[in-house]
Amino acid sequence: MRTLTEKRIRKARAASDAVPEALDEADRAESAGIGRLEGDEPVARDTVSPRPRRDAVRHAQAHESATKHVTGRARYIDDLPAPHDTLHAMVGLSEVAHGRVTRLDLDAVRAMPGVVDVITAQHIPGHRDIGPVFPGDPMFADAEVSYVGQPLFAVAATSYPEARRAVKAAVVEIEPLPPRFDPVAAAEAGELVRPTHRQVSGDWRRALESAPHVLEAEQFVGGQEHFYLEGQACLVVPGEDEGVIVHTSNQHPSETQKLVAEVLDIPFHAVTVENRRMGGGFGGKETQAAPWACVAALLARRTGRAVRLRLPRADDTRATGKRHPFHNRYRLGFDADGVILGGDITLIGDCGHSPDLSEAVVDRAMFHADNAYSLGAARVTGHRARTHTASNTAFRGFGGPQGMMIVERAMDDIARHVGQDPLTVRKRNLYRSGRDTTHYGQHVDQHPLMVEIIERLERSSDYWQRRGEIGAFNRASAVIKRGLALTPVKFGISFTAKHLNQAGALLHVYTDGSVMINHGGTEMGQGLHTKICQVVARELGLDFDAVRISATRTDKVPNTSPTAASSGADLNGMAARDAAARIRRRLLDFAAEHYRLDREGLRLVDGELVSGVGDVHHRVPWGDLVQAAYLGRISLSATGFYATPLIHYDRDTGQGRPFYYFAYGASVSEVSVDTLSGEYRVERVDILHDVGDSLNPAIDLGQVEGGFIQGMGWLTSEELKWNDDGRLLTDGPATYKIPTFGDLPPIFNVELLEGHPNSQASIYRSKAVGEPPFMLGISVWSALRDALSSLTDYRVSPPLDTPATPERVLMAAEALRAGPANAGASR
Amino acid sequence: MIEFFLNGQHRRLAAAPDTSVLELLRGPLAQRGTKEGCASGDCGACTVAIARPDGDGSFAYRTLNACITPAHQLQGTHLVTVDGLARGDALHPAQSSMVACHGSQCGFCTPGIVMSLFALHEQQRALPHQVLDNHRLEAALGGNLCRCTGYRPIRDAALSMGERSDTRPPWAEDPTLKRAVRDLSPAVAVEDQSGYLTPTTLAELTTAMQRHPEARLVAGATDLWLEVTQRLAQFDTLIDLRQVEELRQLEEVADGWWVGAAITYREWEPLLTTHYPAFAHLLTRLGSAQIRNRATVGGNIANASPIGDTPPVLLTLDARVRLAGPDGMRELPLDAFFLDYKQTALAPGECIAAILLPRPGDGHEQRVWKLSKRREDDISTLLGAFRWRLQEGVLQDVRVAYGGMAAIPLRVRAVEAALEGKAPDEQAFAAARRALQQSLTPMSDARGSRDYRATAAANLLERWRLTLARAALDEPTQEVTLDAYAH
């Protein structure tokens with residue numbers, strides 16, 4: 001902040017000691033309108049942007065840590081300096097999927113070199129169950145184990161290798177009980193982690209009975225390992241009273257604070273959780289980061305020494321939950337044009353051994369079983385099956401992608417059935433006037449955007465011309481087959497748990513004019529801190545560099561929601577804006593008084609206070625203004641708060657408006673498939689995605705591209721495989737294959753939709769962008785099915801479970817060559 | 001004691017034999033810019049670059065995975081890490097390009113990507129007219145996983161490095177550095193060999209092996225080190241093969257080339273590109289640049305994994321191995337080397353000294369097809385290698401070998417017999433497929449099911465038939481394989 005400081009030094013002068021009157025009243029008036037800012041009333045669709053866009057360079061601001069990333073100076077948890085006597089913790093994991101613990105003999109562990117402490121469930125002073133929403137997740141399994149990889153005990157030793165070796169010395173005897181790995185059988189047997197939920201719109205039975213055509217099919221949609229590059233890690237430093245400071249790679253500091261306090265049986269205020277940045281999260285550090293913090297905190301309190309805990313990659317992969325695999329079924333009735341009239345969709349989420357976030361994950365799958373299409377009179381049922389694997393958890397899209405997969409499968413199947421191009425059938429089924437209410441009763445706002453995106457993409461990608469070329473190619477090519485698909489995305493934005501849709505911020509202006517903003521969101525690479533700094537800079541008329549974020553800390557902004565559900569910028573951006581607006585109003589009120597200026601014409605622009613409506617007649621540098629305000633005893637610190645308006649959902653009726661708005665997008669993928677080997681390549685991808693008025697187009701583009709590739713990986717090469725004993729075989733990057741450099745499509749045209757601000761009063765009319773692009777990857781899967789379908793001259797819509805590995809693609813091709821009866825095609 | 005230079009600074013320090021470069025960096029050297037992502041050489045987050053004086057006077061920076069490289073292999077090198085590229089606030093082009101292209105999101109893989117870009121930038125500086133095509137980009141970056149960006153901005157960063165200000169790292173302008181590195185011994189000083197032995201001659205090697213029969217041999221360490229990082233093995237004594245002169249030689253003889261067992265994949269590449277393009281193409285899909293810069297074919301053979309990539313290919317080429325032991329040398333056809341799962345013909349005290357790559361005969365043709373879940377940096381689910389000669393319309397000298405289809409890499413003689421002397425028609429290949437099914441019983445594992453392996457292995461024979469049929473009609477063979485997999 002040298003420039004600001006210099007300004008201050010250069011121009012500091014005595015300020016008036018006049019204090020603006022009735023500041024308290026002003027503050028009270030502000031808090032009455034929490035979350036509601038000027039100009040934030042909902043506007044009609046397709047209005048012009050409510051604010052002119054600032055200069056483009058600043059708008060596409062680079063990530064606030066970019067220079068630190070590329071020089072290696074960005075610190076992650078394991079890079080943090082720690083006291084020289086810091087201990088290293090490691091966790092002993094169950095080798096059995098289901099059983100009774102008959103012996104847990106840790107004497108040999110205690111005797112291992114370097115071991116300082118060993119803990120089990122018996123040593124926990126407070127809560128033993130650390131289930132984040134519902135109980136079911138013991139910090140250490142005690143009497144019974146319920147998955148391979150479940151923590152049984154932990155050690156603290158003087159070095160990382162010593163801790164790892166010590167864990168192996170444990171004598172563990174577990175009497176096996178029959179494990180359950182089949183979620184369908186579990187659902188049928190009523191083995192559920194949470195009750196089944198249903199959403200019904202209209203008389204779906206009658207719609208099915210009277211429909212001219214009915215199809216039904218089922219599919220398996222695989223799970224996904226987060227594969228954040230920085231694994232689970234924390235560093236816990238005991239404090240001078242009963243508390244701890246927890247540095248953790250973590251998307252949900254407040255929940256970790258709560259759980260650590262409950263485990264230690266101390267008040268929440270004794271625990272401070274801090275995170276500067278994560279080396280990737282993707283949902284995998286929403287609830288799955290807390291257990292390690294609890295373990296390290298207990299060891300730190302017991303030993304009085306700082307404790308590091310960093311899971312080795314294989315332990316991380318085994319012990320933590322993943323994206324839920326789903327078994328989906330549909331039975332849908334449609335007319336001769338392929339337009340859905342109604343039907344029945346069943347989604348079975350494989351939740352693993354405990355509820356974790358599965359209630360909301362399966363809910364979101366149900367909320368997205370329609371994707372962008374009206375289901376007509378429909379029933380959607382979601383089961384939460386209990387199996388003996390790690391408890392599946394949040395992962396970018398949070399069930400939404402798995403729900404969408406069933407209706408996208410149906411679109412392809414219906415198209416083959418009625419002999420139309422799948423794109424034609426997709427377009428006919430889109431939400432439109434008269435068919436614009438979802439099966440859970442929410443009116444689909446901005447649905448014409450979906451049509452516009454598809455039509456623009458159709459043109460820009462030359463869909464129909466390429467469709468013709470591909471047909472000709474496939475007729476002439478026996479082995480290599482090409483496929484093409486356009487799939488849309490409509491994704492609901494808001495936490496479906498209503499109370500989580502709130503956020504806080506804390507803004508300080510220091511006397512040199514530099515600004516510190518803290519908020520409840522965490523930075524995992526998505527550029528949230530960059531966007532927040534941009535928001536504050538914009539509100540205060542400052543340069544980006546004048547605003548800084550230190551770290552997310554529970555003692556600065558309390559009771560925060562997880563950084564999840566794509567909500568980071570929506571919620572925290574509004575809270576930060578609220579805090580900045582309060583400071584701005586205070587400063588302008590002060591300035592009007594102090595400089596004897598007309599309050600109406602005061603504003604903050606480019607680092608200056610500017611007065612006058614037409615001709616500017618007074619300018620005060622920001623640093624001077626701040627200095628004057630300080631001397632005038634004006635508070636230069638403010639909190640901000642935001643709660644999303646309008647949303648509600650009634651679980652009893654399965655109806656409501658769970659989402660503040662929808663984000664839209666679509667992608668076209670072309671693939672080439674070698675039908676002799678199952679190998680394939682994604683040759684070209686075109687994407688058009690809606691982010692409203694972008695807060696930062698460079699960051700948003702990065703989210704769209706990265707989300708697409710991650711979604712593509714989920715549906716293609718990323719395969720989770722367990723052996724018959726429930727042990728995960730794909731426990732590291734040697735066997736679990738996320739996309740790599742060469743998987744980037746050679747032609748990759750990605751654009752953000754411009755000129756369509758959010759119809760709801762989101763932060764500067766932008767839209768959330770974290771999760772929605774993930775589902776653009778579905779077009780790759782659909783294109784693979786299209787290529788396979790060419791083997792039957794597009795008469796058969798081949799089943800293709802996911803991930804569609806070369807193995808699955810080859811086996812599907814073999815089945816089609818052997819005849820449709822063997823392909824298990826849709827009836 | 002290990003003596004080397006780190007970002008231009010002389011370093012001399014002691015380490016246990018089973019210490020990795022990454023542990024040395026993040027621990028005693030307190031250089032934490034280099035990250036651990038997987039500790040198995042698969043993600044590239046820990047990528048660093050080293051240069052050592054080569055015999056031909058070159059001093060090129062090559063990437064490696066610090067997590068699975070023994071710290072002692074830094075002896076006599078210049079190690080460059082992400083911490084050592086910028087000149088004060090002035091970023092190296094590998095860094096400024098990443099910032100300008102928005103190439104980092106969470107930033108955790110970024111140090112590794114920057115180092116791969118640095119090595120690529122060094123190559124471009126040395127050969128500025130070389131086109132930076134997809135092949136070279138993939139070769140440079142295929143071993144660096146990024147979970148956030150989807151790679152497009154990283155590709156842009158790679159392509160635009162040349163447009164950035166060519167800021168040189170501070171050490172690059174130290175005229176004494178190269179000489180100082182050259183002056184270091186390439187081998188750990190004998191009096192300092194505290195468990196990490198670096199013999200420089202075959203005689204020293206066999207003596208060391210006799211003296212330490214329990215010691216493991218290490219060359220590239222790309223597989224051995226997984227025992228340390230994944231299975232917590234502790235090695236009190238290791239014998240490094242990389243300085244053994246006889247194991248570093250490439251000798252041309254009448255019937256081919258004897259290639260020293262400690263020669264890396266990268267060093268094999270020119271020979272294979274000239275004589276066996278299909279084999280050379282396979283190398284582009286074997287591991288990553290970081291792996292190919294370290295790993296050796298000798299290690300791939302000695303390791304005797306059923307899914308090693310080179311053994312099936314070498315089997316079809318009638319390769320031979322030269323084994324060195326206390327009683328001298330002996331030679332063996334590679335076919336006789338693999339006995340059973342991870343069992344080889346190596347006697348105690350013996351090691352592989354060299355591999356004979358036979359000279360291709362007239363009219364010789366070869367195809368190598370590797371099937372894996374991911375094209376780059378993946379281990380074979382199965383691999384089929386085929387060699388033949390077409391003489392007067394019939395197949396001659398047919399060799400067929402598979403990896404991933406049995407407990408060892410295996411020549412399938414029944415398939416060879418079904419095709420030898422036959423015209424490459426549907427009938428002959430139908431017989432070959434039947435022979436294959438009767439000969440091999442693959443297993444199911446994380447990489448693929450038994451059914452898939454059996455089906456795909458048979459389909460590779462069909463692909464081979466189609467290739468021959470198209471060639472006979474002078475038609476392009478691309479249509480039977482995807483471009484990205486064609487060679």
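This report walks through the domains, contacts, one helix and some strand pairings of a predicted model with chains A and B.

## How the chains divide

Start with chain A. Its domain assignment gives three pieces: domain 1 (2–32 + 502–643), domain 2 (77–179 + 226–319) and domain 3 (326–496 + 651–821). Each of these is written as two stretches of residues.

Chain B is assigned domain 1 (2–183), domain 2 (190–240), domain 3 (245–358) and domain 4 (385–485).

## Where the two chains meet

Chain B brings 67 residues to the contact, and chain A brings 68. On the chain B side, the elements that give two or more residues are α2 (93–100), α3 (110–126), α4, α5 (152–160) and α16 (450–472). The largest share comes from α16(B), with 7 residues.

What is the make-up of the side of chain B that touches chain A, by nonpolar, polar and charged residues? That side has 30 nonpolar, 20 polar and 17 charged residues.

## Domain contacts inside chain B

Now look within chain B. The C-alpha centres of domain 1 and domain 3 of chain B lie 28 Å apart. Domain 1 of chain B gives 12 residues to their contact, and domain 3 of chain B gives 7.

On the domain 1 side, β4 (61–65) and α4 (134–141) of chain B are the elements that give two or more residues. The most come from β4(B), which gives 4 residues. By class, this side of domain 1 of chain B has 3 nonpolar, 8 polar and 1 charged residues. Helix α4 of chain B also appears among the elements on the side that touches chain A.

## Domain contacts inside chain A

In chain A, the C-alpha centres of domain 1 and domain 2 lie 40 Å apart. Their contact takes 14 residues from domain 1 of chain A and 18 residues from domain 2 of chain A. The domain 1 side divides into 4 nonpolar, 7 polar and 3 charged residues.

## An enclosed helix in chain A

Find helix α10 of chain A, residues 290–303. At 1.5 Å a residue, its 14 residues should span 20 Å. The end C-alpha atoms of α10(A) are 20 Å apart, so the two values agree.

Is α10(A) largely enclosed or not, and why? It is largely enclosed by the rest of the structure, because 12 of its 14 residues are buried. Among the buried residues are A:P291, A:W292, A:C294 and A:R301. After α10(A) comes A:G304, whose phi is positive, near 70°.

## A three-stranded sheet in chain A

Chain A has an open sheet of 3 strands, in the order β21-β22-β23, with antiparallel pairing. The edge strands, β21 (603–605) and β23 (618–621) of chain A, each pair on one side only. Neighbouring strands of this sheet are turned by 30° against each other on average, direction ignored.

Strands β21(A) and β22 (residues 608–611) of chain A pair over 3 bridges. Opposite A:R603 stands A:V610 in β22(A).

## Strand pairs in chain B

In chain B, β9 (residues 250–253) and β10 (residues 256–260) form an antiparallel pair over 4 bridges. A hairpin through 2 residues joins β9(B) to β10(B). Opposite B:E251 stands B:W258 in β10(B).

Which strand pairs with β10(B) over 5 bridges? That partner is β15 (residues 351–358) of chain B, again in the antiparallel sense. Here the bridge partner of B:W257 is B:L357 in β15(B).

Note on methods. Residues are numbered from 1 along each chain as its sequence is written. Chains are lettered from A and ligands numbered from 1 in the order in which they are written. This is a predicted model: local features need pLDDT of at least 70, side-chain atom pairs count only at pLDDT 80 or more; totals for chains, interfaces and linings use all residues. Domain bounds come from an automatic or database domain assignment. Two residues are in contact if their C-beta atoms, placed from the backbone, lie within 7 Å. Ala, Val, Leu, Ile, Met, Phe, Trp, Tyr, Cys and Pro count as nonpolar, Asp, Glu, Lys and Arg as charged, and the others, Gly among them, as polar. The expected span of a helix is 1.5 Å times one less than its number of residues. A residue is buried if 20 or more other C-beta atoms lie within 10 Å of its own, exposed if 12 or fewer, and partly exposed in between; C-beta atoms are placed from the backbone. Two strands pair if DSSP finds at least two bridges between them. Axes are lines fitted to C-alpha atoms, for helices over the stretch in contact, and angles run from 0 to 180 degrees between N-to-C directions.
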